[in-house]
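Biologist: I'd like a close look at a single part of this model, together with whatever sits around it. Please pick the spot and talk me through it in plain words.

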Amino acid sequence: MLRRLGYACLSRSVEDSSPRGTILRNATPERLRALTAANLAGLQRVLELNVACGVRMFRLSSDIVPFGSHPVNALAWWVEFAEALTEIGALIRTTGMRVSMHPGQYTVLSSPDQRIVDAAQADLVFHARLLDALGLDMRHKIVIHVGGAYSDKAATLERWSAAFLNLPLHVRARLILENDERLFGVEDVLTASAASGVPVVLDVLHHRVYAGPDADDALADLMRAAARTWASARDGVPKIHYSTQAAGVRTGAHAEYIDAAEFAHFLDLAPEEVEFDCMLEAKAKDRALFHVRDALGIAP
């Protein structure tokens, strides 16, 4: 049963609100400070729109604090911007909004190269620090993929679980693991969950690409299995990612909007007893959410 419907990172309805960054050679303390201040102000405006429009789920951009996990950013930004962060966090908490973050493809815990793992761990610590600085509890999650298979999926999953268990406890408490479309299907990340205790976020389009034409036959059972990995009440209800395949491009690419009829079919397939929050991943961002909500009569 659908609880919250959300969108990711950027609003198409709020002008000049997208996070801005810089290149490494220009990343002076003054430049990083100015960008962080502007990005937090833009985030505040987006969240205020979300509240006004009844959007109770949102993914925060990893670019709010430029070079947040890189040594070039030596600012104690969580201290310098404590007032803005506290205000934004209060808005999220008091309105019942749920937020998440999703580090990029280079945050890989499963790599056999320890330097890559160390960088991934630093990036995850940064993401957790931002959510902590907002004063948010552990229902507000950080989504991550397994990464490359390195010619041995079983060994890679073991490395991922070992690296996960080596993270600080407060970081582990925020992580959730997502299936991908090529290498690690839902069953694979369920295996990692059994070894590590990490909750699983099921991505529907990734599953459909990975499993092929009959993917929906197993979808309800996989949703139940993924939901069982959210065993702690502190984690909140399970999260699902949903997107529509873009026409005429590579398999797995997100469309501009969500196909409303296809989404309605997905909701029909979802087990009634499984409560979940659903993140829509579409290029039109909030406009895609408003479109599907209007088309299907989904209440905010």
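Modeller: The element names come from DSSP runs numbered from the N terminus, with helices being H or I over at least four residues and strands E over at least two. This is a predicted model, so to speak: local features need pLDDT of at least 70 and side-chain atom pairs 80 or more, while totals for chains, interfaces and linings use all residues. Residues are numbered from 1 along each chain as its sequence is written, and side-chain values use heavy atoms, leaving out hydrogens and water.

Let's zoom in on strand β1 and what surrounds it. The setting is a barrel: 8 strands close up in the order β1-β2-β3-β4-β5-β6-β7-β8, with parallel pairing. Two strands count as paired if DSSP finds at least two bridges between them.

β1 covers residues 2-8, and on one side it runs parallel to β8 (residues 276-280), joined by 4 bridges. Follow that seam and you'll find Leu2 partnered with Phe276 of β8, and Leu5 with Cys278 of β8. Helix α1 (residues 29-52) packs on the sheet here, touching β1 and β2 (57-60); a contact is heavy atoms within 4.5 Å. What becomes of β1 with all this around it? With 5 of its 7 residues buried, β1 is largely enclosed by the rest of the structure. Buried here means under 20% relative accessible area with a 1.4 Å probe, protein chains only.

On its other seam, β1 pairs with β2, again parallel, over 2 bridges. Ala8 has Arg59 as its bridge partner in β2. Arg59 also leads you one strand further, as it stands opposite Ser100 in β3. Between β2 and β3, 4 bridges join the parallel strands. In β3 (residues 98-101), Arg98 and Ser100 point one way, Val99 and Met101 point the other way, and all of them are buried. Carry on and β3 pairs in the parallel sense with β4 (residues 141-144) over 2 bridges, where Met101 stands opposite Ile142.

Now back to α1 and β2, and the space there. On a 1 Å grid over the protein atoms alone, a cavity is a set of points where a 1.4 Å probe fits but can't get out; lining residues have an atom within 4 Å of a point. The whole structure has 1 cavity of 30 Å³ or more, and the largest holds about 70 Å³ of space, a volume being what probe spheres on the points fill. Its lining includes Cys9, Pro19, Asn39, Gly42, Phe58 and Leu60. The elements giving two or more residues to that lining are α1 and β2, and α1 gives the most, with 4. By class, the lining has 7 nonpolar residues, 4 polar and no charged; Gly counts as polar, Cys and Pro as nonpolar, and Asp, Glu, Lys and Arg as charged.

For contrast, look at the open spaces. A pocket is an open set of points with protein on both sides within 12 Å along at least five of seven lines. The largest pocket has a volume of about 870 Å³. Of its 28 lining residues, His102, Gln105, His145, His206 and His254 lie nearest the centre. This lining does have charged residues, 9 of them, beside 9 nonpolar and 10 polar.

Key
Axes fitted to C-alpha atoms, helices over the stretch in contact; angles between N-to-C directions. Buried < 20%, exposed > 50% of the residue type's maximum accessible area, 1.4 Å probe, protein only.
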